[in-house]
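Me: Please take a close look at the surroundings of the ligand for me. Once that part is clear, please carry on to a few single residues elsewhere in the chain.

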Amino acid sequence: MINRIGVLTSGGDSPGMNAAIRAIVRAGIKHGKEMYFIYDGYRGLVEGNIERVDRTSVANIITWGGTVIRSARLPEFADPEVRKKGVEQLRKFGIDALVVIGGDGTYMGAKKLTEMGINCIGLPGTIDNDLACTEYTIGFDTALNTIVEAVDKLRDTSSSHQRCSVIEVMGNHCGDLALYSGVACGAELIISPDHMVPKEEVMTTLRDLKTSSKRHALVIVSEKLFDVKDFAREIEKETGFETRSEVLGRIQRGGSPSAFDRILAARMGVYAIECLLEGKSGRCVGIINNRLVDFDIYEALKMQRDKHEQLLKVIATLK
Ligand code: F6P
């Protein structure tokens with residue numbers, strides 16, 4: 001029987017991680033379990049940066065951005081010897097189960113720990129929405145709203161100066177933040193891994209907009225595709241549209257979580273504890289058709305992401 005449960009956050013932080021931590025701790029305590037914070041992700045696990053917590057330790061944090069237990073990236077955790085140190089620390093504290101919040105790298109660590117005898121459940125905490133086993137990750141909605149707010153402001157100034165704005169958004173290799181924010185902001189062009197636009201088409205579209213006396217143009221681009229600064233220069237040269245580039249960067253990861261993310265995090269946190277109580281391990285939680293589900297982590301990481309055919313149709317129709 002599981003008596004002591006740890007929680008850690010790993011990888012890039014995301015708004016709503018704290019709401020998830022709160023739900024996990026309170027649900028665990030409700031079921032009579034001892035709950036532990038593991039600080040600094042897998043690094044803190046290996047170093048034994050672990051502390052017992054109670055209900056009040058998670059008071060107020062539902063509204064906070066970031067993660068109160070901090071996060072870290074530890075590529076060395078792929079090494080079984082490093083993981084062994086983590087398992088030893090858990091044994092020292094008598095912790096037999098973990099809930100880990102993060103992305104695919106975090107999940108892989110959790111699966112490996114499961115194989116070493118620690119019961120692990122993964123929750124999707126990343127702004128990227130790049131996990132195929134869930135329609136939404138914790139933090140995606142808040143990051144999307146942050147982007148929309150920023151792009152709406154850029155629209156104002158672009159319009160005043162009759163400029164084209166090229167805006168790079170995060171997402172790692174997943175284009176969901178670009179696609180969704182592009183639709184929400186009425187961007188003239190969206191360029192993402194699921195929606196690549198040939199350069200010639202970009203130039204023709206912007207030339208046409210310029211001659212149709214459009215006052216501004218918004219071009220939203222997923223990160224890791226190309227250099228938006230160079231691209232902006234090229235646009236200006238080829239279309240005559242005065243162009244500026246913006247990289248929104250890590251501002252997208254901060255801020256108080258949206259109501260959607262808080263609720264998603266609360267539901268997933270409670271569900272994670274239920275999974276452990278049912279004896280599940282090496283699994284990750286998702287939401288599909290508004291129902292919580294769980295998958296084997298290896299299976300989940302092999303799943304194919306939704307290609308957003310319906311959203312792409314909307315983009316094509318409205319362009
Ligand atoms: O995974 C979240 C994310 O913000 C990605 O969108 C981005 O590519 C990456 O993390 C940046 O990571 P870091 O802050 O470690 O440079």
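Reply: Happy to walk you through it. Around the ligand you will find Arg 73, Asp 128, Met 170, Gly 171, Asn 172, Glu 223, Lys 224, Arg 250 and Arg 253; a residue belongs to this shell if one of its heavy atoms lies within 4 Å of the ligand. This is a predicted model, in which local features need pLDDT of at least 70 and side-chain atom pairs count only at pLDDT 80 or more, while totals for chains, interfaces and linings use all residues. Residues are numbered from 1 along each chain as its sequence is written, and side-chain values use heavy atoms, with hydrogens and water left out.

Sorted by class, the shell holds six charged residues, two polar ones and one nonpolar one. Here Asp, Glu, Lys and Arg count as charged, Ala, Val, Leu, Ile, Met, Phe, Trp, Tyr, Cys and Pro as nonpolar, and the others, Gly among them, as polar.

Three side chains place a polar atom by a ligand oxygen: Glu 223 at 2.6 Å, Arg 253 at 2.8 Å and Lys 224 at 3.2 Å. The protein buries 77% of the 400 Å² that the ligand exposes when taken alone, with areas from the Shrake-Rupley method and a 1.4 Å probe. A polar contact is a pair of N or O atoms within 3.5 Å; within protein, one must be able to donate a hydrogen and the other to accept it, and residues adjacent in sequence count only if both atoms are side-chain atoms.

The ligand sits in the largest pocket, meaning that more than half of its atoms lie within 2 Å of the pocket's grid points. A pocket is an open set of points on a 1 Å grid over the protein atoms alone, where a 1.4 Å probe fits and protein lies on both sides within 12 Å along at least five of seven lines.

Now along the chain from the strand that ends just before Glu 223. Asp 227 lies in the loop between E8 and helix H8 (228-239); helices (at least four residues) and strands (at least two) are DSSP runs numbered from the N terminus. The side chain of Asp 227 reaches the backbone nitrogen of Lys 229 at 2.8 Å. Asp 227 is partly exposed because its relative accessible area is 43%, where buried means under 20%, exposed over 50%, and partly exposed in between. From Asp 227 to Ser 165, 62 residues apart along the chain, the C-alpha atoms are separated by 14 Å.

On the other side of E8, Ser 213 occupies the loop between H7 and strand E8 (217-222). With a relative accessible area of 58%, Ser 213 is exposed, and its phi is positive, about 55°, although it is not a glycine. Most residues other than glycine have a negative phi. Gln 162 also has a positive phi, near 50°, and lies in the loop between helix H5 (140-160) and strand E6 (164-169). Its relative accessible area of 44% makes Gln 162 partly exposed.

Back in helix H7 (residues 199-211) is Thr 211, exposed at 68% relative accessibility. A polar atom of its side chain lies 3.0 Å from the backbone oxygen of Asp 208.

Last comes Ser 281, in the loop between helix H9 (259-277) and strand E10 (283-288). Ser 281 and Lys 111 are 170 residues apart in sequence, with their C-alpha atoms 8.3 Å apart in space.

Notes. On a 1 Å grid over the protein atoms alone, a cavity is a set of points where a 1.4 Å probe fits but cannot get out, and a pocket is an open set with protein on both sides within 12 Å along at least five of seven lines; lining residues have an atom within 4 Å of a point. Buried means under 20% relative accessible area, exposed over 50%, partly exposed in between (1.4 Å probe, protein chains only).
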